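Student: I have a new model open and would like to talk it through with you. Could we go over it together?

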Amino acid sequence: MSTMAAKMIEMPPNVAAQNRARREWTAMLGMIFLLAAWAMMFAALFFSYAIVRVRSNVWPPVNAPEFSIMLPAINSFVIALSSLVLHRGVSHLRKEKLAAFRNAFMLGSVFAALFLGLQWHFWSALMASGLTPDSGSYGSIIFGLTWVHAAHVLIGFFALIVLSIQAWRQVYRLENSITVRLWTMYWHFVGIVWLLMFVTIFIM
Amino acid sequence: MDLQPIHHEPTTFVKKYLFTTDHKVIAKQFLWAGLLFLLWGGLLAMMIRWQWAYPGEKVPVIGDLFLKESGGAITPDLYPKLFTNHGLIMIFWAITPMLIGAFGNYCIPLMIGARDMAFPLLNMLSFWVFVLSQIMVGASFFFDNGAAAAAWISYPPMSGNIGTPGHGQTMMMAAIFVTGVATIMGGINYVTTVIRFRAPGMTWMRLPLTVWGLWLTSVLNVLFVPVLGSAGLLLILDRMFGTQFFVAGANATGTGGDPILFQHLFWIFGHPEVYILILPAWGIVGDVISFFSRKPAYWYKGTVIALIAVTVLSAVVYGHHMFMTGINPLLGQSFMILTLVISIPAEVLFLNWLHTMWKGSIRLTVPMIFALGTVFVFGLGGLTGIFLGTISTDIYLHDTMYVVGHFHYTMAAATFLGTFCAIYFWFPKMFGRKMNPMLGKLHFWFSFIFITLVFGGQLVVGYAGQPRWFFDPYQYTFLQHLQDANIKTSWAAFALLFGQVFFVINFFKSMFAGEEAGDNPWEVGTLEWTIPSPPPVHNFDPIPTVYHGPHEYAHPGVLEKMGKDWLGQDEAFDGIELSASTDEKVAQGA
Ligand SMILES: [Cu+2]
């Protein structure tokens, strides 16, 4: 690393910046393909929902218990807010306002935990109202899709915790901000998938 | 700072051979892992062939070793486990790691002039995740009720808790998911590397066809393996957590889901998978035929366009696997037409290969004959596929051995011969030594003749009405007269296995005692042959500049000035843009 840093100093700053931009673009491209793969996975889940839905002449199925969509609605708000906070955090990092960046990512982690907690609550409430994973395709879709989504939120949550700790130790600056930006991209993606789920499963 | 820094060669055994980030070593790791599972999948195939020839009789050798409880015979309980694991192992743990894992890793950076993959650490992770999935496959055999038994397609209700109780089937679905993760990791790496790490001058239209094939395969992998992942995940949820996605019932009354849903998800992935497996082989064959015909690949651009067209079309034809599921006839016809349209780009590929050889100075080296064998068997596979893609004939042929013969020609025979074409061609680069051509030719003729006969035999009995997956077809009087044909086919399969002995001897002998290969034993112009065999850790020093396409052969000016009939991609030649001139000649119909 030290020899690399020495080389950086010898180099005219614009060349170093250009090379950094190139490396970041490579990493970004990898992330884009990763998200494309993940998008296809969720597309397959939405496709499954669509097939089940168009093959059923009543939806929700008869006898399906009523439940409140209050918690998912709040959660949509929570995850949108968290994305906004992380977005702000990244722009703080770009300006190297390290304290503001750290605070934003800590707040983001709290929101992520809140989302997972509310999801847990929502699943318990559903089961209490009589809708379980084995309540036919209806229960399967609601539980199965939100489970898979929550697993991705969980991965993001752990990443945010690690990033927050690193931010606390002032690991990140503008020149190595790419890691932070890529995880933020991931988080936005998870948020978008949730909003799609909320609209298609709970509202439509 | 250099964008592709030179890493020092690791000194410890663990870092050099196990947890390595060197794409060339990872390639060899994938090759070993794939060859091992090819042997396993092959032995399972031999047991299936034994069952179809001599049902109920004691299996030689294997029966004594593993089937003591049944007196050496294959039981009705064991039989579905054999064909299920044969199919899955061959596809996900033998062909995929060899064609894509090994040669994707080996060829992409070397052929585009890069020092390594874009994400070396991800590359290492991809291999070890793959190994984990292999361990899971092995473990699936040791649960109560044994290994997976719902056929490679794993349709519910057969793959549900009632069809295949026990954790073996669940473990297999999880293993498929995990190997899918490894494949996607590799795919992301390959796609990004080709986009970002091409050497100066290596334009898209100067890429070797091998790289084109691998790149398109990787795009398909990144986009469609996740769909299989979803299908597997939902199936695991059904088996373990009580959901009812694929449990037959009525959606409207909340009493169940839809088993057909699995078929949709499976084939949205499954059809592209056929092309995922064959595209690298097509690319390799396209290069090798040009190399050993000592002529530029005929209409390179057309070949590339055809490869892209096949890739795109492969994503929109999956319904041809579901003609018998009560699909809307209008939808069925659309899928039929799209399917048949694939034969147009496929024709372009075949004609370009033939045209490349036309009037060439053909050198019948071992990789060349394997390439020609690949073309031949894929031709058979393609032609027999037309009758399955057409609804009216599919109704009769559906679920017969004809289907088995067809997809084995495309997915098994063509990829098998294509993989060996690649092994014989790049072995000198990988290990620095030449393989023995005599043993190679023996291996080829055994493999080529008997693989053609094995799957041809399946086509014939299938056309005569033998359904696939039958434990003992001769319980049915209308199939008894087919036993003779099945016995002959089985003996062709045993001869095919025997022929592999030549390869094993050749492979190990050449690795340690083969003739030194030198940098460029085949006298070809792609970048990997401009560096020592085997290449140093950082491949290129410095990174080469590329002046023209990968197939510059038999150019009269080059012959006159340089005394050789080929030109390296990094050799400038009087500033003449050779690729352009070749393309012009094609345009003029020369
Ligand atoms: Cu198909």
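Student: Is His320(B) buried or exposed?
Tutor: Happy to help, and keep in mind that this is a predicted model. The cut-off for buried is under 20% relative accessible area. His320(B) has 11% relative accessibility, so the residue counts as buried.

Student: And which class does His321(B) fall into?
Tutor: Let's use the limits again: partly exposed lies between the 20% and 50% marks. His321(B) comes out at 24% relative accessibility, and therefore counts as partly exposed.

Student: Which residues coordinate the copper ion?
Tutor: Good one to check by eye. The donors follow the spacing H-x48-H-H along the chain. Their distances to the copper ion run from 1.8 to 2.0 Å, with ND1 as the donor atom of one residue and NE2 that of the other two. The residues are His271(B), His320(B) and His321(B).

Student: Moving to the interface, which side chains of chain A and chain B meet in a salt bridge?
Tutor: The count between chain A and chain B is one salt bridge. Its N to O distance is 2.7 Å. The partners are Arg55(A) and Asp258(B).

Student: Which helix gives the most to the side of chain A that touches chain B?
Tutor: Two helices of chain A, H2 (13–54) and H5 (136–168), each supply at least two residues of that side. With 20 residues, the one that gives the most is H2(A).

Student: How much area do chain A and chain B bury between them?
Tutor: Here 39 residues of chain A are in contact with 38 residues of chain B. Carbon and sulfur atoms carry 73% of the buried area. The total is about 3,400 Å².

Methods: Residues are numbered from 1 along each chain as its sequence is written. Chains are lettered from A and ligands numbered from 1 in the order in which they are written. This is a predicted model: local features need pLDDT of at least 70, side-chain atom pairs count only at pLDDT 80 or more; totals for chains, interfaces and linings use all residues. Side-chain values use heavy atoms; hydrogens and water are left out. Donors are N, O and S atoms within 2.8 Å of the metal (3.2 Å for Na, K and Ca); water is not among the atoms, so sites may look incomplete. Buried means under 20% relative accessible area, exposed over 50%, partly exposed in between (1.4 Å probe, protein chains only). Contact means heavy atoms within 4.5 Å. Buried area is the accessible area (1.4 Å probe) that two parts lose on being put together, summed over both. A salt bridge is a side-chain nitrogen of Lys or Arg within 4 Å of a carboxyl oxygen of Asp or Glu. Helices (H or I, at least four residues) and strands (E, at least two) are DSSP runs, numbered from the N terminus.
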